[in-house]
Amino acid sequence: AFWRRYPIGFGDNQEASIEYDEDGGDQLRISAPANGVVIAGTTPTLVIGDAGAEDTKIVYDGNAQDYYIGLDDSDDSLKIGLGSSVGSSTAITLNSSANATFAGDVVIAGGLTVQGASVEIQQGFVVTSSVQFEGSTPDGNEISLTSADPSGDRTITLPDLTGHVPLIAGAIGNANVTAAEFLLLDGGSSV
């Protein structure tokens, strides 16, 4: 049949074409020109899917690795992952409550601003420079919490108490203070 053998071409030299490949892969192939495809108009919209109970996706067919962006109908989440099967090897998941989950490491090259009420860290985290506290007034004054360059693994445990942390004016290489000495700092009369 005509539609099986001949693509519909556009341009003087057929720079773009649309072809239905029934024998090879049952695909509608669009060969785009050098400058790509533009969806124009007042409200440009590309709809993928027809509201059916099924996965929908865009697959990026790479040489060594494929990637997909798709709607996983099993949990109504938008997923980005490796390969071409939605829901497998998922790297990022965005659910219907607008919560995002990252399966691997996240690297932020610039600054990070968190506008929520709190941040919960369920595992340890590493700070290579310092932690800064802005205080209740956002201005140019911050409190920095930093550490010396460690020569081995160290653990500092904060007590299960309410109060203030005492400060030592100068740097001390080995500041091992006993509980009794802390009582003296807190108003006690003897060590």
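Residues 24 or more positions apart supply 4% of those contacts in the protein chain that have a separation of 6 or more. The model is a predicted one, and buried residues account for 6% of the 191 residues in the protein chain. Two features are set out below: an open sheet of 5 strands and a network of salt bridges that links Asp-72, Asp-75 and Lys-79.

**Overall composition**

- The protein chain contains 2 helices and 10 strands.
- Read from the N terminus, the order of elements is α-β-β-β-β-β-β-β-β-β-β-α.
- About 16700 Å² of the protein chain is exposed, and carbon and sulfur atoms provide 53% of that area.

**The open sheet**

- The sheet is open and has 5 strands in the order β4-β5-β6-β7-β8, paired in antiparallel fashion.
- Its edge strands are β4 (56-60) and β8 (100-102), each of which pairs on one side only.
- From one strand to the next, the twist averages 15°.
- Strand β7 (residues 90-94) runs antiparallel to β8 and is joined to β8 by 3 bridges.
- Thr-93 has Thr-101, in β8, as its bridge partner.
- In general, the strands of a sheet pair through backbone hydrogen bonds, in either a parallel or an antiparallel manner.

**Asp-72 and its surroundings**

- Asp-72 lies in strand β5, which spans residues 67-72.
- Asp-72 counts as buried because its relative accessibility is 6%, under the 20% cut-off.
- The side chain of Asp-72 makes a polar contact of 2.7 Å with the side chain of Ser-74.
- With residues up to four places away in sequence left out, Asp-72 touches Asp-55, Ser-77, Lys-79, Val-86 and Gly-87.

**Salt bridges**

- The structure holds 2 salt bridges.
- One salt bridge joins the side chains of Asp-72 and Lys-79, at 2.8 Å from N to O.
- Lys-79 also forms a salt bridge with Asp-75, in which the closest N and O atoms are 3.1 Å apart.
- Asp-72, Asp-75 and Lys-79 are thereby linked in a network of salt bridges.
- Side chains of opposite charge can pair when their charged atoms come close.
- Lys-79 is classed as buried, since its relative accessibility is 8%.
- Asp-72 is likewise buried, with a relative accessible area of 6%.
- Asp-75, by contrast, is partly exposed, because its relative accessible area is 37%, which falls between the cut-offs of 20% and 50%.

Technical notes. Residues numbered from 1 in each chain as written. Predicted model: local features only at pLDDT ≥ 70, side-chain atom pairs only at ≥ 80, totals over all residues. Heavy atoms only, no water. Pairing = 2+ DSSP bridges. Helix = DSSP H or I, 4+ residues; strand = E, 2+ residues; numbered from the N terminus. Axes fitted to C-alpha atoms, helices over the stretch in contact; angles between N-to-C directions. Buried < 20%, exposed > 50% of the residue type's maximum accessible area, 1.4 Å probe, protein only. Polar contact = N/O pair within 3.5 Å; in protein donor to acceptor, adjacent residues only side chain to side chain. Contact = heavy atoms within 4.5 Å. Areas by Shrake-Rupley, 256 points an atom, 1.4 Å probe, with all protein chains shown as cover. Salt bridge = Lys/Arg side-chain N within 4 Å of Asp/Glu carboxyl O.
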